[in-house]
Structures are given as structure tokens and as C-alpha cells.
Amino acid sequence: MHLKIDGIGKRVAAAALGLLLAQGALAQTVGESLVKSKVCLGCHQIDSPRVGPPFTAVAQRYAGQPDAEAYLANSIRNGGRYRWGKLSMAAQPQVSPEEAHEIAKWILTLAPASRQP
């Protein structure tokens, strides 16, 4: 079957694709900007260890797990102990629940494509 699309149809399809791509980029931008503004980079880096694990390692560990976003958002807000060695992550109550979810969502985008659901 061959589908013929006229000029208007092509423009509508291009606009829809652009909107979808913009929404994905916006989600990443929101999470990444929160990581910077909430000073997460004081303890974490994107792809190398610092005080805490790199975000890419966190993404790889939790990619594809059910409720990974909620688990990470909870860990951001309430902290955690002994998940990555002897150091504990301090609770970050200044990060709202919505912000924690945006950060967690962004972190999970850093997982290798083969591990994402």
C-alpha cells in the first residue's frame, strides 16, 4: 500500500513530529536544569564518580525496573543508606516531589538504549 501525502499533510506531520521531539527535549531540559539548580552536581557528576555515583551508573542500575522513577524520586527526597558503598545520600527535602520526579525521569534517560524499556 502506498500512501500519498499532499503538502498540507507533510506540514502537519512535520509539525507533529517537531512537537513530540520538543516535548522529549523539554523533559530532559527540565530535569537537567533542576540537577544544576538544586546543586546535585555538588556530589554527583553525569558520567564520573564524585562523592556519589555518576548519574549514568544510577540510570544503568535502575533502567527497565518497574517504578524506577518513583523509587529514585523517593531516594532524592528522603536519602538512602549503603546503596552505593559506605556513604549515605542525605535527604533533599528542599526538592519538591514534582521536582524529584523530573530529576529521576532525566536520570533514567541516561541509561544505555539497550537497557531502557
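Colleague: Hi! Quick one to start: is C43 buried, partly exposed or exposed?

Modeller: C43 has a relative accessible area of 38%, so C43 counts as partly exposed. Bear in mind that this is a predicted model.

Colleague: Thanks. How many disulfides does the count come to?

Modeller: The count is zero disulfides. C40 is in no disulfide, and the nearest cysteine sulfur to that of C40 belongs to C43, 8.9 Å away. A pair needs its sulfur atoms within 2.5 Å to count.

Colleague: And what about C40 itself, buried or exposed?

Modeller: C40 is buried, because its relative accessible area is 17% and the cut-off for buried is under 20%.

Colleague: Got it. Changing topic: what does the secondary structure look like overall?

Modeller: The chain has four helices and zero strands. Reading from the N terminus, the order of elements is α-α-α-α.

Colleague: How much of the chain counts as buried?

Modeller: Of its 117 residues, 24% count as buried. On contacts, take those between residues at least 6 apart in sequence: 50% of them join residues at least 24 apart.

Colleague: Now the aromatics, please. How many aromatic pairs are there?

Modeller: There are two aromatic pairs. In one of them, the ring centres of F55 and W106 are 5.7 Å apart with the planes at 80°, so this pair is edge-to-face.

Colleague: Why edge-to-face?

Modeller: Because the planes are at 80°, and angles over 60 degrees count as edge-to-face.

Colleague: Where do F55 and W106 sit in the chain?

Modeller: F55 is in helix α2, residues 55–62, while W106 is in helix α4, residues 97–108. The two are 51 residues apart, and the pair links distant parts of the chain.

Colleague: Are those two rings on buried or exposed residues?

Modeller: Both residues are buried: F55 has 4% relative accessibility, and W106 has a relative accessible area of 2%.

Colleague: Which residues make the other pair?

Modeller: Y62 and Y71. Their ring centres are 5.2 Å apart and their planes are at 40°, so the pair is tilted. Y62 counts as buried, at 9% relative accessibility, whereas Y71 counts as partly exposed, at 33%.

Colleague: Back to α2 and α4 for a second. At roughly what angle do their axes cross?

Modeller: Roughly 85°, and the axes come within 8 Å. The two helices are therefore roughly perpendicular to each other.

Colleague: Which residues meet there?

Modeller: From α2, F55, V58, A59 and Y62; from α4, W106, I107 and L108. F55 and W106, the edge-to-face pair, are among those residues.

Colleague: What about A63, where is that one?

Modeller: A63 is in the loop between α2 and α3, with α3 running 68–78. At 7% relative accessibility, A63 counts as buried.

Colleague: How far is A63 from A111, in sequence and in space?

Modeller: They are 48 residues apart in sequence and 6.2 Å apart in space, C-alpha to C-alpha.

Colleague: Last thing: what lies over the face of W84?

Modeller: R61 does, at 3.6 Å from the ring centre.

Conventions
Residues are numbered from 1 along each chain as its sequence is written. This is a predicted model: local features need pLDDT of at least 70, side-chain atom pairs count only at pLDDT 80 or more; totals for chains, interfaces and linings use all residues. Side-chain values use heavy atoms; hydrogens and water are left out. Rings of Phe, Tyr and Trp (its six-membered ring) pair if their centres lie within 6.5 Å; planes under 30 degrees apart count as stacked, over 60 as edge-to-face and the rest as tilted. Buried means under 20% relative accessible area, exposed over 50%, partly exposed in between (1.4 Å probe, protein chains only). A charge sits over a ring if NZ of Lys or CZ of Arg is within 6 Å of the ring centre and within 35 degrees of the ring normal. Axes are lines fitted to C-alpha atoms, for helices over the stretch in contact, and angles run from 0 to 180 degrees between N-to-C directions. Angles under 35 degrees count as roughly parallel, over 145 as roughly antiparallel, 65 to 115 as roughly perpendicular and the rest as oblique. Contact means heavy atoms within 4.5 Å.
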